Amino acid sequence: MLMLMHLYLFRRFKYVTVLAFAMCLTSALSAQISVQGKVSDNNGQALSGVSVVVKNTSTGVTTDANGSFSISVPRKSSILVFSYVGFPTQEMEIGDKTSLTVTLSPLSGQLNEVVVVGYGTLKRKEVTSAVATVSAAQFNKGNISDVAQLLQGKVSGLSIAKPGGNPNGGYTIRLRGLSTLGANTSPLVVVDGQIGADINTIDPNDIQSIDVLKDAASAAIYGTRGSSGVIIITTKRGGRTPVVTYNGSATVEDPIKFTAHMTAAEFKAAGGKDLGATTDWNKEITRNGFSHIHNLALSGGTGTGTTYIASMNYRNVEGVAIRTGFQQVNAHFGLQQKALKDRMNFTVDVTTTRRNSHFGFDRAFQYATIFNPTAPLHTTDPLYNITGSGYVEQNFVEYANPLAVLEQNSNEGVLKRSNINATASYEFIRGLRFLVRYTQETNSNFRKAYLPKTSFDTRLLGDNQSGYTRNGYAQQQDDEGYSRLYENTLAYDTKLMNSDLSLNAIAGYSYQAFNYNGDFIRAGDFLSDVNADNIANAGDLKNGKATANSYKNASKLVAFFGRVNLNYKDIVFLAASLRREGSTQFGANNKWGMFPAVSAGVDISRLVDIPKVNALKFRASYGVTGALPPEPYLSFLLYEPVGRNFFYNGVYIPAYEPRRNANPDLKWEKKAELDFGLDFALLENRLTGTIDYYNRKTSDLLFNATVPVPPNQTDKKWMNIGTLESKGIELLLNYDVIKNKNFNWNTGVNYSTYNVKLTKLNKDLAGTVIGASNLGSPGQEQTQITRAVEGQNIGIIYGAIYKGLDPTGKYLFDDGTGKAVLSDAYKTKIGRGLPKFELGFTNTFRYGNFDLNFFLRGQFGHDLVNTNRAFFETSQPTVISSYNVVKTKFYDPALKSPLTFSSLYVEHASFLELDNATLGYDFKLNPAGGIKSIRAYVTGQNLFMITNYTGVDPEVRYAYGNPPNVLAPGVDSRDTYVRTRSFTLGVNLKF
């Protein structure tokens with residue numbers, strides 16, 4: 001009986017205990033409070049996209065476009081952690097507070113800012129490799145039509161250039177110089193985790209921050225495509241509070257620099273043929289371009305874990321050349337949904353872009369320089385009205401009426417892009433999260449050009465054909481691309497050894513497939529110009545004179561990767577990663593590669609107390625990255641059609657011959673890089689900076705080499721040909737000169753050097769010249785002006801050394817001993833096509849509601865071949881009888897000799913430019929009103945330039961020719977688009 005009583009009481013007590021525990025648990029769970037607040041910087045500007053997380057939990061939200069947030073937290077002992085790219089992480093204890101005002105102070109380069117790295121994020125203090133971060137507040141302002149413009153001059157070691165002001169021209173991007181010859185020379189772009197996206201997939205208005213992985217250790221996690229660096233773009237996110245923003249701007253752009261040439265009076269005085277008029281052809285083909293840009297964004301969320309952002313962007317940009325420009329519409333939608341107590345997270349991003357471009361023909365600027373300045377705009381004289389178009393035409397080589405080129409002919413295109421990026425992740429236990437990602441990118445690029453029946457120029461489409469000779473001539477090209485990415489990652493973030501050691505690890509699998517196809521056709525003989533919009537109307541399609549080709553290719557990448565980051569007491573940091581990757585683009589014997597990396601850092605300031613030093617971290621890294629060939633199937637023997645050798649059943653059957661030799665041993669190009677860096681913060685964090693020294697070696701360079709026949713079937717073969725080495729120094733400094741409540745002044749400077757050398761060629765090519773380029777037509781097709789030689793730096797400009805003129809007006813050259821002779825037989829290096837160093841200098845002032853920012857950018861130590869001068873700066877009668885004469889400060893009327901290329905036409909092209917200046921005003925409004933904030937600004941771009949270069953634009957030319965030859969930098973092409981200056985008036989509204 002006693003035992004039964006004890007058993008009964010035990011059971012009753014057990015139920016009571018469980019019930020009491022459940023009640024306590026319910027009470028604890030219900031003891032939640034809602035905390036609302038606003039996050040801004042130290043200037044009072046609201047910060048959108050700030051991560052707000054309850055410490056040691058996965059519960060979190062992000063601030064909306066107005067900087068506001070709302071989050072539910074336990075009533076007692078809760079701490080909120082605020083983190084934002086470019087700002088130090090800040091913690092705040094809640095207590096019983098339900099309303100917070102949080103201020104984050106931007107400290108660029110500070111060791112505890114949040115940094116996006118491959119497949120994750122780290123605090124700046126934990127980063128042990130060379131990574132730079134640029135936030136939206138630091139982006140270049142003004143008439144921005146390309147994402148690359150946002151970064152120009154902002155990151156040490158990152159070179160971004162676009163000579164001239166062509167609105168449809170792309171930017172050349174190089175990170176730490178040249179790291180490959182035959183593969184992609186631009187950095188890999190990652191947009192919200194989508195690998196290999198086009199840099200202009202996202203509109204500039206939708207970008208929150210950009211991180212640049214500069215060394216091999218940080219880029220090795222991306223394996224085969226990391227050799228040229230990695231640019232990681234993070235887009236804006238939605239918050240819980242509904243917000244509407246509008247950003248609009250209008251820009252006026254005008255041409256400011258043309259190639260100097262003789263006026264009509266000078267041309268007649270020098271013996272040129274007088275056609276009775278006075279015409280400035282550059283003015284006739286240019287205008288003041290007007291552009292306007294509009295961005296409307298809606299963001300918000302719910303209390304159930306849903307946040308969203310939707311934006312629409314419209315750009316209408318006029319080029320300063322008549323009939324050029326583009327119209328672009330871009331839309332982006334992002335959705336995030338949390339579930340299962342925030343353990344599960346879904347994201348979807350959809351982006352679409354359509355761009356209608358009017359390219360015109362850059363060659364018109366070449367013709368405007370040399371076309372007869374006494375020719376009238378129109379004529380009925382049959383001697384010059386050759387085609388009946390009413391334009392003056394003369395039959396000289398590389399010569400046409402520039403106004404006719406742009407007014408008569410059409411050259412247009414439609415670019416369409418669509419991207420889908422979806423992820424699903426689940427946190428099994430605290431710190432252990434599994435993620436699945438699927439992305440796809442679709443690109444369609446359609447271009448068409450038409451030369452009407454009266455079009456005289458034979459050079460516009462590059463095949464010596466004109467609309468006049470072909471009775472109307474059309475060209476169409478369609479290129480389609482489709483890629484899919486599937487990835488799984490398992491990440492674990494925890495603390496060990498009584499929280500002294502932090503562990504951050506990730507392992508993953510990646511599969512990516514690429515499919516490309518396209519077709520190209522040229523055809524003439526149209527019934528009329530009216531129906532030429534449809535190339536199917538061309539008579540050449542029936543008479544067999546049309547030229548057509550098509551292509552289709554595919555490739556795949558498969559990778560397994562992992563990385564471990566260790567942090568011991570915020571003093572010592574260690575990271576290691578490995579990626580094993582396979583590609584179908586390589587030879588049968590070398591499809592797989594291994595890409596390891598290791599890096600370490602130590603914060604000396606945590607070990608030694610140094611006065612006025614807040615942080616002093618030394619780091620070192622070593623990594624190996626790879627490079628893919630530019631296209632698939634390069635290891636296979638390739639045949640191409642060479643003509644029609646017989647006619648069968650109404651169809652011409654083409655003959656084929658080898659175009660490229662097979663190479664089953666074609667293998668990975670690998671870049672090994674060593675980097676030493678120092679990150680520091682001094683004077684109460686007012687002075688911050690980074691110094692890096694790197695040394696990289698790229699082996700097994702991929703290159704389309706010239707080989708002997710026999711034993712090869714043809715003279716071209718893709719091979720691994722040698723070794724490229726480069727080294728350099730990078731410096732980034734930021735200093736808060738004045739920082740108080742009423743006035744702030746921050747100044748920053750970045751400086752970088754690089755030196756690239758072709759150190760070794762394999763035994764088949766040893767001692768040979770590779771990648772040489774020639775001056776070209778008319779008359780100098782065999783004149784070599786650049787070359788790459790084993791054991792010497794990339795960027796050699798090659799030719800004779802000019803020593804003056806003899807009494808009869810003939811050239812004198814150095815014979816190699818310093819003696820002046822008439823022969824140009826002795827040739828040597830006469831210039832360097834790449835700069836010795838680059839510099840960026842920025843200043844930001846804020847007084848009250850006003851802010852002023854100006855940015856200076858310069859490149860120093862490089863030379864340019866001024867090809868306009870090399871062809872047309874002479875008083876030789878045979879030139880002036882056909883062409884106008886280029887007339888710069890180097891023009892010498894005594895020169896009577898036939899033009900011969902030499903150092904006379906190679907100029908120092910160092911420059912310093914006021915790239916961007918912006919003055920803005922913030923109107924402080926009642927947050928409860930309909931309009932919460934207004935900012936108005938005016939921006940000037942390319943305001944002035946200091947240079948001794950006489951050409952249109954002294955920007956570095958990183959390649960020359962078509963296709964671009966990266967071994968031939970330093971050549972200023974004659975068809976360079978005119979340099980421009982622009983002024984923008986803009987407004988930002990928040991509702």
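**View 1. Helix H6 is largely enclosed by the rest of the structure, because eight of its eight residues are buried.** Welcome to this predicted model, which we enter at helix H6, spanning residues 363–370. The buried residues here are Arg 363, Ala 364, Phe 365, Gln 366, Tyr 367, Ala 368, Thr 369 and Ile 370. Three other helices are among the elements that cover them: H5 (281–284), H7 (402–408) and H9 (867–872). If you are picking neighbours to display alongside H6, H9 with its residues 867–872 is one of the elements in that cover.

**View 2. The whole protein, shown for orientation, holds 10 helices and 54 strands.** Its radius of gyration is 32 Å, close to the 30 Å that the globule rule gives for 991 residues, so the protein is as compact as a globular protein of that length. The C-alpha trace spans about 130 × 65 × 65 Å along the principal axes. Of the 991 residues, 53% are buried. Among contacts with a separation of 6 or more, 70% link residues 24 or more positions apart. The accessible surface amounts to about 41900 Å², and carbon and sulfur atoms account for 58% of that. For those thinking about electrostatics, the protein has 99 positive and 83 negative charges, and the mean positions of the two sets lie 7 Å apart.

**View 3. An open sheet is built from five strands with mixed pairing.** Reading across the sheet, the strand order is E10-E15-E16-E13-E14. Strands E10 (131–135) and E14 (194–195) form the edges, each pairing on one side only. Further in, E15 (residues 207–213) and E16 (residues 230–235) are antiparallel and share six bridges. To find your bearings in this pair, look for Ser 209, whose bridge partner in E16 is Thr 234. As a reminder, strands of a sheet pair through backbone hydrogen bonds, either parallel or antiparallel.

**View 4. Strands E39 and E40 make a hairpin with three residues between them.** The two strands, E39 at residues 769–776 and E40 at residues 780–789, run antiparallel and are joined by five bridges. In the turn, Gly 779 has a positive phi of about 90°. E40 also pairs with strand E42 (residues 796–799), again antiparallel, through two bridges. A handy landmark is Thr 786 in E40: this residue is the bridge partner of Ser 773, and its bridge partner in E42 is Ile 797.

**View 5. Glu 657 sits in strand E31, which covers residues 651–660.** Is this glutamate buried, exposed or partly exposed? Its relative accessible area is 40%, so Glu 657 counts as partly exposed. Leaving aside residues up to four places away in sequence, Glu 657 touches Leu 638, Tyr 639, Glu 640 and Val 642. Of these, Tyr 639 is 18 residues from Glu 657 in sequence, while their C-alpha atoms are 5.3 Å apart in space.

**View 6. Asp 570 and Asn 685 each have a positive phi without being glycine.** For Asp 570 the angle is about 60°. This residue lies in the loop that links strand E26 (547–568) to strand E27 (572–583), and with 23% relative accessibility Asp 570 is partly exposed. For Asn 685, phi is near 65°. Asn 685 belongs to the loop between strands E32 (669–682) and E33 (687–699). Which side of the burial cut-off does Asn 685 fall on, buried or partly exposed? Its relative accessible area is 19%, and buried means under 20%, so Asn 685 is classed as buried.

**View 7. Cis peptide bonds precede Pro 710 and Pro 963.** Anyone preparing this model for a calculation may like to see these bonds close up. The bond from Val 709 to Pro 710 has omega near -15°. Pro 710 is placed in the loop between strand E34 (702–706) and strand E35 (716–720). The bond joining Asn 962 and Pro 963 has omega of about 5°. Pro 963, too, is in a loop, here between strand E52 (933–947) and strand E53 (971–972).

Conventions
Residues are numbered from 1 along each chain as its sequence is written. This is a predicted model: local features need pLDDT of at least 70, side-chain atom pairs count only at pLDDT 80 or more; totals for chains, interfaces and linings use all residues. Side-chain values use heavy atoms; hydrogens and water are left out. Buried means under 20% relative accessible area, exposed over 50%, partly exposed in between (1.4 Å probe, protein chains only). Helices (H or I, at least four residues) and strands (E, at least two) are DSSP runs, numbered from the N terminus. Contact means heavy atoms within 4.5 Å. The radius of gyration is taken over C-alpha atoms; the globule rule is 2.2 Å times the number of residues to the power 0.38. Accessible areas come from the Shrake-Rupley method with a 1.4 Å probe; for residues, only the protein chains shown count as cover. Lys and Arg count as positive and Asp and Glu as negative; His and the chain ends are not counted. The place of a charge is taken as NZ of Lys, CZ of Arg, CG of Asp or CD of Glu. Two strands pair if DSSP finds at least two bridges between them.
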